[in-house]
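Here are a few exercises to work through with the model open beside you. Try each task on your own before reading its solution.

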Amino acid sequence: MPHLQSRSLRIYANHLEYLDQTQLPQAERWVRCDSPEEWQVAVKSLAIRGAPLIGLSAAFVLAQYAARHPQSDWQLVSDHLRATRPTAVNLMYCLDAMEACFEQGVNALAERADALFAEDRTLCQQMAERGADLLQTGDRVLTHCNTGALATAGVGTAIGALAVAKQRGVELHVYVDETRPLLQGGRLTAWEMADLDIPYQLIADSMAASLMAAGKVDKVMVGADRICANGDFANKVGTYMLAVIAHYHQVPFYVVAPYTTVDPACATGAEIPIEQRDPAEIRGVAGAFGEVIWAPDNAPVWNPAFDVTPAKLVTAWVLDTGVFDAAAIERGEHFLGRS
Ligand code: MRU
(Lines give C-alpha, C1' and ligand atoms only; values in the text may rest on other atoms or scores of the structure.)
Protein backbone atom coordinates (compact mmCIF):
# COMPACT_ATOMS: atom_id res chain seq x y z
CA MET A 1 0.00 0.00 0.00
CA PRO A 2 1.32 3.46 -0.82
CA HIS A 3 1.55 5.72 2.22
CA LEU A 4 0.55 8.74 0.07
CA GLN A 5 -1.37 8.79 -3.16
CA SER A 6 -2.72 11.26 -5.71
CA ARG A 7 -4.30 10.81 -9.15
CA SER A 8 -0.87 10.41 -10.75
CA LEU A 9 1.57 9.56 -7.94
CA ARG A 10 1.88 6.74 -5.39
CA ILE A 11 4.47 7.07 -2.68
CA TYR A 12 5.93 3.94 -1.07
CA ALA A 13 8.64 3.74 1.59
CA ASN A 14 11.51 3.16 -0.87
CA HIS A 15 10.21 4.05 -4.30
CA LEU A 16 7.40 5.83 -6.08
CA GLU A 17 5.04 4.99 -8.90
CA TYR A 18 3.73 7.46 -11.43
CA LEU A 19 0.89 7.31 -13.88
CA ASP A 20 2.64 7.59 -17.25
CA GLN A 21 1.03 10.71 -18.73
CA THR A 22 2.49 10.03 -22.18
CA GLN A 23 0.21 6.99 -22.43
CA LEU A 24 -3.05 8.65 -21.41
CA PRO A 25 -5.85 8.39 -22.29
CA GLN A 26 -5.21 5.21 -24.28
CA ALA A 27 -3.63 3.36 -21.34
CA GLU A 28 -3.48 3.85 -17.56
CA ARG A 29 0.00 2.55 -16.96
CA TRP A 30 1.69 2.91 -13.55
CA VAL A 31 5.49 2.87 -13.70
CA ARG A 32 7.91 2.28 -10.84
CA CYS A 33 10.63 4.89 -10.25
CA ASP A 34 13.61 3.88 -8.10
CA SER A 35 16.27 6.48 -8.80
CA PRO A 36 17.00 10.10 -9.70
CA GLU A 37 18.06 8.90 -13.17
CA GLU A 38 14.72 7.18 -13.80
CA TRP A 39 12.91 10.27 -12.53
CA GLN A 40 14.85 12.49 -14.94
CA VAL A 41 13.89 10.31 -17.90
CA ALA A 42 10.23 10.38 -16.83
CA VAL A 43 10.20 14.16 -16.36
CA LYS A 44 12.01 14.93 -19.62
CA SER A 45 9.57 12.76 -21.56
CA LEU A 46 6.59 14.35 -19.71
CA ALA A 47 5.52 11.00 -18.26
CA ILE A 48 5.62 13.04 -15.03
CA ARG A 49 4.57 16.62 -15.78
CA GLY A 50 2.77 19.71 -14.52
CA ALA A 51 4.58 22.27 -12.37
CA PRO A 52 3.53 21.09 -8.87
CA LEU A 53 3.86 17.39 -9.68
CA ILE A 54 7.41 17.78 -11.01
CA GLY A 55 8.50 19.46 -7.76
CA LEU A 56 6.73 17.03 -5.43
CA SER A 57 7.98 13.91 -7.17
CA ALA A 58 11.54 15.34 -7.10
CA ALA A 59 11.26 15.80 -3.32
CA PHE A 60 10.36 12.14 -2.81
CA VAL A 61 13.06 10.91 -5.17
CA LEU A 62 15.65 12.97 -3.27
CA ALA A 63 14.43 11.78 0.15
CA GLN A 64 14.48 8.15 -0.97
CA TYR A 65 17.92 8.51 -2.54
CA ALA A 66 19.26 10.03 0.70
CA ALA A 67 17.86 7.15 2.75
CA ARG A 68 19.52 4.62 0.46
CA HIS A 69 22.81 6.52 0.19
CA PRO A 70 23.32 8.27 3.54
CA GLN A 71 27.03 8.92 2.87
CA SER A 72 26.76 10.31 -0.63
CA ASP A 73 26.58 13.91 -1.86
CA TRP A 74 22.88 14.79 -1.71
CA GLN A 75 23.56 18.29 -2.97
CA LEU A 76 24.96 16.93 -6.22
CA VAL A 77 21.83 14.85 -6.75
CA SER A 78 19.60 17.80 -5.94
CA ASP A 79 21.52 19.91 -8.48
CA HIS A 80 20.93 17.27 -11.17
CA LEU A 81 17.21 17.09 -10.38
CA ARG A 82 16.98 20.88 -10.45
CA ALA A 83 18.47 21.05 -13.95
CA THR A 84 15.98 18.60 -15.47
CA ARG A 85 13.41 21.18 -16.60
CA PRO A 86 14.21 24.86 -16.13
CA THR A 87 10.93 26.76 -16.38
CA ALA A 88 8.50 25.63 -13.66
CA VAL A 89 9.74 27.15 -10.42
CA ASN A 90 7.86 24.65 -8.24
CA LEU A 91 10.78 22.26 -8.77
CA MET A 92 13.15 24.86 -7.31
CA TYR A 93 10.71 25.56 -4.45
CA CYS A 94 10.55 21.88 -3.47
CA LEU A 95 14.30 21.29 -3.79
CA ASP A 96 15.08 24.44 -1.78
CA ALA A 97 12.80 23.09 0.95
CA MET A 98 14.52 19.70 0.86
CA GLU A 99 18.04 21.16 0.88
CA ALA A 100 17.13 23.18 3.98
CA CYS A 101 16.68 19.81 5.77
CA PHE A 102 19.97 18.20 4.66
CA GLU A 103 21.64 18.81 8.02
CA GLN A 104 18.78 17.17 9.92
CA GLY A 105 19.18 13.84 8.14
CA VAL A 106 17.13 11.29 6.25
CA ASN A 107 14.05 11.20 8.48
CA ALA A 108 13.65 14.95 8.23
CA LEU A 109 13.89 14.72 4.44
CA ALA A 110 11.17 12.08 4.29
CA GLU A 111 8.95 14.16 6.56
CA ARG A 112 9.58 17.30 4.50
CA ALA A 113 8.59 15.55 1.26
CA ASP A 114 5.38 14.31 2.91
CA ALA A 115 4.66 17.85 4.14
CA LEU A 116 5.18 19.32 0.67
CA PHE A 117 2.69 16.83 -0.74
CA ALA A 118 0.11 17.65 1.95
CA GLU A 119 0.72 21.36 1.43
CA ASP A 120 0.09 21.14 -2.31
CA ARG A 121 -3.20 19.35 -1.72
CA THR A 122 -4.32 22.16 0.61
CA LEU A 123 -3.13 24.90 -1.76
CA CYS A 124 -5.04 23.28 -4.62
CA GLN A 125 -8.25 23.31 -2.61
CA GLN A 126 -7.76 26.92 -1.51
CA MET A 127 -7.06 28.32 -5.00
CA ALA A 128 -9.76 26.15 -6.57
CA GLU A 129 -12.36 27.53 -4.12
CA ARG A 130 -11.31 31.08 -4.99
CA GLY A 131 -11.35 30.29 -8.71
CA ALA A 132 -14.79 28.68 -8.44
CA ASP A 133 -16.10 31.89 -6.83
CA LEU A 134 -15.47 33.58 -10.19
CA LEU A 135 -17.62 31.11 -12.13
CA GLN A 136 -21.39 31.12 -12.71
CA THR A 137 -23.85 28.74 -14.26
CA GLY A 138 -23.82 29.16 -18.03
CA ASP A 139 -20.17 30.21 -18.21
CA ARG A 140 -18.25 28.93 -21.20
CA VAL A 141 -14.66 28.62 -20.08
CA LEU A 142 -11.66 28.12 -22.32
CA THR A 143 -8.60 26.39 -20.87
CA HIS A 144 -5.16 25.42 -22.14
CA CYS A 145 -2.77 22.54 -21.40
CA ASN A 146 -3.53 20.35 -18.39
CA THR A 147 -3.89 21.81 -14.91
CA GLY A 148 -5.88 19.15 -13.11
CA ALA A 149 -5.41 16.37 -10.57
CA LEU A 150 -2.89 14.75 -12.93
CA ALA A 151 -0.56 17.74 -12.53
CA THR A 152 -0.76 18.24 -8.75
CA ALA A 153 -1.24 16.36 -5.47
CA GLY A 154 -4.81 17.62 -5.21
CA VAL A 155 -7.70 18.81 -7.29
CA GLY A 156 -5.52 20.91 -9.63
CA THR A 157 -5.11 24.60 -10.40
CA ALA A 158 -7.35 25.99 -13.20
CA ILE A 159 -9.11 22.66 -13.64
CA GLY A 160 -9.41 22.54 -9.86
CA ALA A 161 -11.55 25.69 -10.03
CA LEU A 162 -13.78 24.03 -12.64
CA ALA A 163 -14.03 20.89 -10.51
CA VAL A 164 -15.04 22.81 -7.37
CA ALA A 165 -17.59 24.84 -9.36
CA LYS A 166 -19.04 21.57 -10.63
CA GLN A 167 -19.27 20.24 -7.05
CA ARG A 168 -21.18 23.41 -6.11
CA GLY A 169 -23.72 22.75 -8.86
CA VAL A 170 -22.44 25.47 -11.21
CA GLU A 171 -23.10 24.35 -14.78
CA LEU A 172 -20.21 25.11 -17.10
CA HIS A 173 -19.22 24.37 -20.64
CA VAL A 174 -15.49 24.01 -21.14
CA TYR A 175 -13.54 24.51 -24.35
CA VAL A 176 -10.34 22.50 -24.22
CA ASP A 177 -7.42 23.65 -26.38
CA GLU A 178 -5.71 20.55 -27.71
CA THR A 179 -2.35 22.22 -26.82
CA ARG A 180 0.11 21.38 -29.55
CA PRO A 181 2.76 20.06 -29.71
CA LEU A 182 2.32 17.48 -26.95
CA LEU A 183 -1.46 17.59 -26.73
CA GLN A 184 -1.85 17.85 -22.96
CA GLY A 185 -5.30 19.35 -23.59
CA GLY A 186 -6.48 16.88 -26.20
CA ARG A 187 -5.21 13.88 -24.25
CA LEU A 188 -5.22 14.78 -20.56
CA THR A 189 -7.67 17.65 -20.00
CA ALA A 190 -10.30 16.02 -22.21
CA TRP A 191 -9.87 12.84 -20.16
CA GLU A 192 -10.16 14.78 -16.88
CA MET A 193 -13.28 16.65 -18.09
CA ALA A 194 -14.95 13.31 -18.79
CA ASP A 195 -13.80 12.02 -15.40
CA LEU A 196 -15.29 15.10 -13.69
CA ASP A 197 -18.46 14.87 -15.80
CA ILE A 198 -18.03 18.45 -17.03
CA PRO A 199 -19.44 19.07 -20.54
CA TYR A 200 -16.63 20.06 -22.90
CA GLN A 201 -15.59 20.44 -26.50
CA LEU A 202 -12.10 19.92 -27.78
CA ILE A 203 -10.75 22.56 -30.17
CA ALA A 204 -7.52 22.94 -32.12
CA ASP A 205 -5.50 25.82 -30.64
CA SER A 206 -5.93 27.86 -33.82
CA MET A 207 -9.73 27.94 -33.34
CA ALA A 208 -9.72 29.99 -30.13
CA ALA A 209 -9.81 33.40 -31.85
CA SER A 210 -12.83 32.66 -34.01
CA LEU A 211 -14.57 31.04 -31.03
CA MET A 212 -14.13 34.28 -29.08
CA ALA A 213 -15.15 36.39 -32.08
CA ALA A 214 -18.36 34.36 -32.18
CA GLY A 215 -19.02 35.37 -28.56
CA LYS A 216 -18.77 31.80 -27.30
CA VAL A 217 -16.16 32.26 -24.57
CA ASP A 218 -17.01 33.99 -21.27
CA LYS A 219 -13.76 33.36 -19.40
CA VAL A 220 -10.30 31.96 -19.93
CA MET A 221 -8.65 30.07 -17.04
CA VAL A 222 -5.11 28.74 -17.22
CA GLY A 223 -2.38 27.61 -14.83
CA ALA A 224 1.20 28.85 -14.57
CA ASP A 225 4.71 27.47 -14.33
CA ARG A 226 6.33 30.62 -12.96
CA ILE A 227 4.83 33.95 -11.91
CA CYS A 228 7.20 36.92 -11.65
CA ALA A 229 7.08 39.68 -9.06
CA ASN A 230 5.38 42.00 -11.59
CA GLY A 231 2.74 39.41 -12.59
CA ASP A 232 4.24 38.31 -15.92
CA PHE A 233 3.99 34.53 -16.04
CA ALA A 234 5.18 31.53 -18.01
CA ASN A 235 2.78 28.76 -18.96
CA LYS A 236 2.44 26.19 -21.73
CA VAL A 237 3.26 27.66 -25.14
CA GLY A 238 0.10 29.08 -26.67
CA THR A 239 -1.04 30.77 -23.45
CA TYR A 240 0.27 34.18 -24.55
CA MET A 241 -1.65 33.91 -27.82
CA LEU A 242 -4.83 33.16 -25.85
CA ALA A 243 -4.23 36.15 -23.57
CA VAL A 244 -3.80 38.48 -26.56
CA ILE A 245 -7.01 37.36 -28.22
CA ALA A 246 -8.91 37.38 -24.91
CA HIS A 247 -7.79 41.00 -24.38
CA TYR A 248 -8.88 41.93 -27.91
CA HIS A 249 -12.29 40.34 -27.39
CA GLN A 250 -12.62 41.65 -23.80
CA VAL A 251 -12.88 38.16 -22.34
CA PRO A 252 -11.65 37.96 -18.69
CA PHE A 253 -8.39 36.05 -18.43
CA TYR A 254 -7.52 34.33 -15.12
CA VAL A 255 -4.33 32.64 -13.96
CA VAL A 256 -4.83 30.06 -11.21
CA ALA A 257 -1.71 28.95 -9.33
CA PRO A 258 -0.33 28.21 -5.85
CA TYR A 259 2.13 30.55 -4.12
CA THR A 260 4.78 27.90 -4.82
CA THR A 261 4.64 29.02 -8.48
CA VAL A 262 5.56 32.60 -7.58
CA ASP A 263 9.22 33.52 -8.04
CA PRO A 264 9.77 36.84 -6.25
CA ALA A 265 13.40 36.83 -7.43
CA CYS A 266 12.23 37.05 -11.03
CA ALA A 267 11.38 40.70 -11.60
CA THR A 268 9.81 40.34 -15.06
CA GLY A 269 9.04 37.66 -17.61
CA ALA A 270 12.24 38.45 -19.51
CA GLU A 271 14.13 36.64 -16.73
CA ILE A 272 12.24 33.34 -16.97
CA PRO A 273 14.32 30.55 -18.50
CA ILE A 274 12.29 28.90 -21.26
CA GLU A 275 12.87 25.23 -22.01
CA GLN A 276 13.60 24.34 -25.64
CA ARG A 277 12.50 20.85 -26.63
CA ASP A 278 13.21 18.18 -29.22
CA PRO A 279 12.52 19.23 -32.83
CA ALA A 280 10.85 15.85 -33.39
CA GLU A 281 7.85 17.09 -31.36
CA ILE A 282 7.11 19.65 -34.10
CA ARG A 283 7.98 17.54 -37.11
CA GLY A 284 5.21 15.12 -36.18
CA VAL A 285 3.57 13.44 -33.19
CA ALA A 286 4.46 10.41 -31.12
CA GLY A 287 2.89 8.58 -28.21
CA ALA A 288 0.68 5.67 -27.34
CA PHE A 289 -1.06 6.24 -30.66
CA GLY A 290 2.17 5.58 -32.59
CA GLU A 291 4.44 7.95 -34.43
CA VAL A 292 3.56 10.11 -37.41
CA ILE A 293 6.07 12.42 -39.07
CA TRP A 294 4.86 14.95 -41.64
CA ALA A 295 7.69 17.46 -41.94
CA PRO A 296 10.68 17.02 -44.22
CA ASP A 297 13.58 15.17 -42.55
CA ASN A 298 15.59 17.60 -40.45
CA ALA A 299 13.19 20.51 -41.07
CA PRO A 300 14.54 23.37 -38.90
CA VAL A 301 12.36 23.81 -35.82
CA TRP A 302 11.78 26.30 -32.98
CA ASN A 303 10.18 24.48 -30.06
CA PRO A 304 9.87 26.44 -26.80
CA ALA A 305 7.80 24.49 -24.25
CA PHE A 306 6.43 27.66 -22.64
CA ASP A 307 5.72 31.29 -23.44
CA VAL A 308 5.50 34.38 -21.27
CA THR A 309 2.27 36.36 -20.90
CA PRO A 310 2.71 39.99 -19.80
CA ALA A 311 0.89 41.03 -16.65
CA LYS A 312 -1.13 43.68 -18.48
CA LEU A 313 -3.12 40.95 -20.25
CA VAL A 314 -4.20 39.28 -16.98
CA THR A 315 -7.56 40.11 -15.42
CA ALA A 316 -6.66 38.48 -12.10
CA TRP A 317 -4.19 36.05 -10.56
CA VAL A 318 -6.07 33.51 -8.44
CA LEU A 319 -3.79 32.13 -5.75
CA ASP A 320 -4.34 30.24 -2.51
CA THR A 321 -3.32 33.51 -0.84
CA GLY A 322 -6.02 35.59 -2.54
CA VAL A 323 -7.34 36.97 -5.81
CA PHE A 324 -5.15 39.79 -7.10
CA ASP A 325 -6.00 42.16 -9.92
CA ALA A 326 -3.79 44.87 -11.42
CA ALA A 327 -5.14 47.42 -8.92
CA ALA A 328 -4.20 45.16 -6.01
CA ILE A 329 -0.67 44.80 -7.33
CA GLU A 330 -0.41 48.58 -7.78
CA ARG A 331 -1.57 49.06 -4.17
CA GLY A 332 1.52 47.10 -3.15
CA GLU A 333 -0.20 43.82 -2.34
CA HIS A 334 1.76 40.97 -3.68
CA PHE A 335 1.16 37.34 -4.43
CA LEU A 336 2.68 35.96 -1.28
CA GLY A 337 0.03 37.73 0.73
CA ARG A 338 2.30 40.27 2.43
CA SER A 339 2.21 43.93 1.50
O1 MRU B 1 5.11 20.80 -20.09
P2 MRU B 1 4.06 20.57 -19.03
O3 MRU B 1 2.96 19.66 -19.47
O4 MRU B 1 4.68 20.17 -17.72
O5 MRU B 1 3.41 22.01 -18.83
C6 MRU B 1 2.40 22.17 -17.86
C7 MRU B 1 1.76 23.49 -17.87
O8 MRU B 1 2.16 24.38 -18.59
C9 MRU B 1 0.67 23.73 -16.88
O10 MRU B 1 -0.25 24.66 -17.38
C11 MRU B 1 1.32 24.25 -15.61
O12 MRU B 1 2.21 23.34 -15.07
C13 MRU B 1 0.43 24.77 -14.57
S14 MRU B 1 -0.80 23.77 -13.85
C15 MRU B 1 -0.29 22.50 -13.06
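**Exercise 1: the middle of the sheet**

β8 and β11 run parallel to each other and are joined by 3 bridges. Keep in mind that this is a predicted model.

Task: starting from this pair, find which residues stand opposite each other and follow the pairing outward to both sides.

Solution.
- Step 1. Begin between the two strands: Met 221 has Tyr 254 in β11 as its bridge partner.
- Step 2. Move on to β16, which is parallel to β11 and joined to it by 3 bridges. Here Val 256 lies opposite Val 318 of β16.
- Step 3. Return to β8 (residues 219–222) and go the other way, to β5 (residues 140–143): these two strands also pair in the parallel sense, over 2 bridges. Leu 142 faces Val 220 in β8.

Task: in what order do the strands of the open sheet follow one another, and which strands stand at the edges?

Solution.
- Step 1. The open sheet holds 7 strands in the order β7-β6-β5-β8-β11-β16-β17, and the pairing is mixed.
- Step 2. At the edges are β7 (200–203) and β17 (322–325); each has a single partner strand, so one side of each is left without a neighbour in the sheet.
- Step 3. Neighbouring strands of the sheet are turned against each other by 25° on average, direction ignored.

**Exercise 2: the two ways out of β11**

Task: sort the residues of β11 by the way they point, and say whether they are buried or exposed.

Solution.
- Step 1. Recall that side chains in a regular strand alternate between the two faces of the sheet.
- Step 2. Apply this to β11: Phe 253 and Val 255 point one way, while Tyr 254 and Val 256 point the other way.
- Step 3. Check burial, for which the cut-off is under 20% relative accessible area. All of these β11 residues are buried.

**Exercise 3: helices around the sheet**

Task: which strands does helix α5 lie across, and which does helix α6 touch?

Solution.
- Step 1. Helix α5 (residues 106–132) lies across β8, β11 (253–256), β16 (316–319) and β17, at about 140° to β16.
- Step 2. Helix α6 (residues 158–167) packs on the sheet as well, touching β5, β6 (173–177), β8 and β11, and its direction makes about 120° with that of β8.

Task: describe how α4 packs on α5.

Solution.
- Step 1. Helix α4 (residues 90–99) meets α5 at an angle of about 145°, and their axes are 9 Å apart. The crossing of α4 past α5 is right-handed.
- Step 2. List the contact: α4 gives Tyr 93, Cys 94, Ala 97 and Met 98, and α5 gives Leu 109, Arg 112, Ala 113, Leu 116 and Glu 119.
- Step 3. Sort these residues by type: 7 are nonpolar, none is polar and 2 are charged.

**Exercise 4: burial in α7**

Task: which elements are among those that cover the buried residues of α7?

Solution.
- Step 1. Find the buried residues of helix α7 (residues 184–196), among them Leu 188, Ala 190, Trp 191 and Met 193.
- Step 2. Look at what covers the buried residues of α7: the cover includes β3 (16–19), β5, α6, β6, β7 and β10 (233–236).
- Step 3. Just after α7, note Asp 197, with a positive phi of about 60°.

**Exercise 5: the whole chain**

Task: how does the radius of gyration of the chain compare with the globule rule?

Solution.
- Step 1. Count the elements: 11 helices and 17 strands.
- Step 2. The radius of gyration is 19 Å, close to the 20 Å that the globule rule gives for 339 residues, so the chain is as compact as a globular protein of that length.
- Step 3. Add burial: 56% of the 339 residues are buried.

Notes: Residues numbered from 1 in each chain as written. Predicted model: local features only at pLDDT ≥ 70, side-chain atom pairs only at ≥ 80, totals over all residues. Heavy atoms only, no water. Pairing = 2+ DSSP bridges. Helix = DSSP H or I, 4+ residues; strand = E, 2+ residues; numbered from the N terminus. Axes fitted to C-alpha atoms, helices over the stretch in contact; angles between N-to-C directions. Contact = heavy atoms within 4.5 Å. Left-handed = near helix turned anticlockwise from the far one by under 90°. Nonpolar A, V, L, I, M, F, W, Y, C, P; charged D, E, K, R; others polar. Rg over C-alpha atoms; globule rule 2.2 N^0.38 Å. Buried < 20%, exposed > 50% of the residue type's maximum accessible area, 1.4 Å probe, protein only.
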